[in-house]
Protein chains: 2
Amino acid sequence: MDIKTKVGARLRDVRLAKKLTQEKVSFDSDIDKSYISEVENGRRNISIVNLEKLTLTLGISLKDFFNTTDFS
Amino acid sequence: MDIKTKVGARLRDVRLAKKLTQEKVSFDSDIDKSYISEVENGRRNISIVNLEKLTLTLGISLKDFFNTTDFS
DNA sequence: TAAAAAATTCACTTAAAGTCTAATAGACTA
DNA sequence: TAGTCTATTAGACTTTAAGTGAATTTTTTA
């Protein structure tokens, strides 16, 4: 699994765990919802600034975000 | 400190801990050395693909890379 | 203190990130 | 079976990251 796919899957997992919609995350993070969909599906190479925006919105630190075996 | 600065500082710390030059990392990762310099100095908004390339070259996982209080 | 090695800076092109609108589709609910 | 909610996709578009070259500056060391 490539890194874009892993990051996208992790973002979706965290979002669903918090019972948030893409639209809500889009609104709160000020990142386009169609873009969020593509990131979650592993089709976009997200920058660190936008990744931080999303993790902030999702209420998880980058440290915790990457703290899974997928990123070992 | 903004996220670009934190990531750059962390990359530099890891690189220096391994006693590598930017030129060596550039060669091994196939990323331009001037680009690496600018990333380390917080002037570039690096993407997840390039960040993974650099961490791979530096011999550290993304999990360990982000496992510092800076990213809490 | 000069030379060599390492890092920085800047200007530039091009490739892709990221936005916007709108249409589509699936899932659920009344 | 229409109506709402959610997610996906496409195309056209703007902005920005990626990537490079060359010159300059800083640091290290002979």
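Reader: How can chain B be laid on chain A, by what turn and what shift along the axis?

Author: In general, two copies of a chain are related by a rotation about an axis and a shift along it. In this predicted model, a turn of 180° with a shift of 0.0 Å along the axis lays chain B on chain A, with an RMSD of 0.1 Å. The two copies are thus related as by a two-fold rotation axis.

Reader: Which residue of chain B comes closest to the rotation axis?

Author: That residue is Ser47(B), whose C-alpha atom is 1.8 Å from the axis.

Reader: What area do chain B and chain A bury between them?

Author: The size of an interface is often given as the accessible area lost when the parts come together. Here chain A and chain B bury about 1,700 Å² between them, and 68% of this area is on carbon and sulfur atoms. On the side of chain B, the residues that lose the most area to chain A are Ile3(B), Ile48(B) and Lys63(B), which together make up 37% of what that side buries.

Reader: How many residues does each chain bring to the contact, and why may one say that the copies meet through the same surface?

Author: Chain A brings 18 residues and chain B brings 18 residues. The copies meet through the same surface because 100% of the interface residues of chain B are also interface residues in chain A.

Reader: Let us turn to the DNA. Which residues come nearest to DNA strand C?

Author: There are 20 residues around DNA strand C, and the nearest are Tyr35(A) and Ser47(A) from chain A, with Arg12(B), Gln22(B) and Arg43(B) from chain B. Of the atoms of DNA strand C that come within 4 Å of the protein, 62% belong to sugar and phosphate.

Reader: Which side chains have an N or O atom at a short listed distance from a phosphate oxygen of this strand?

Author: Three cases may be given. The side chain of Arg12(B) has an N or O atom 2.7 Å from a phosphate oxygen of DNA strand C. For Arg15(B) the corresponding distance is 2.9 Å, and for Asn41(B) it is 3.3 Å.

Reader: Which elements supply the surface near DNA strand C, and what classes of residue does that surface have?

Author: At least two residues each come from helix H3 (33–40) of chain A, and from helix H1 (3–17) and helix H3 (33–40) of chain B. H3(B) gives the most, with four residues. By class, this surface has nine polar, eight charged and three nonpolar residues.

Reader: How many residues surround DNA strand D, and which are the closest?

Author: DNA strand D is surrounded by 17 residues, the closest being Arg12(A), Arg15(A), Gln22(A), Arg43(A) and Tyr35(B). Sugar and phosphate make up 61% of the atoms of DNA strand D that come within 4 Å of the protein.

Reader: How far is a phosphate oxygen of DNA strand D from the side chains of Arg15(A), Gln22(A) and Arg43(A)?

Author: A polar side-chain atom of Arg15(A) is 2.7 Å from a phosphate oxygen of DNA strand D, and one of Gln22(A) is 2.6 Å from such an oxygen. For an N or O atom in the side chain of Arg43(A), the distance is 2.2 Å. Helix H1 (3–17) and H3 of chain A, together with H3 of chain B, give two or more residues to the surface near this strand. H3(A) has the largest share, three residues.

Key:
Residues numbered from 1 in each chain as written. Chains lettered and ligands numbered in written order. Predicted model: local features only at pLDDT ≥ 70, side-chain atom pairs only at ≥ 80, totals over all residues. Heavy atoms only, no water. Near = heavy atom within 4 Å. Polar contact = N/O pair within 3.5 Å; in protein donor to acceptor, adjacent residues only side chain to side chain. Nonpolar A, V, L, I, M, F, W, Y, C, P; charged D, E, K, R; others polar. Least-squares fit on C-alpha atoms with pLDDT ≥ 70 in both. Contact = heavy atoms within 4.5 Å. Buried area = accessible area lost by both parts, 1.4 Å probe.
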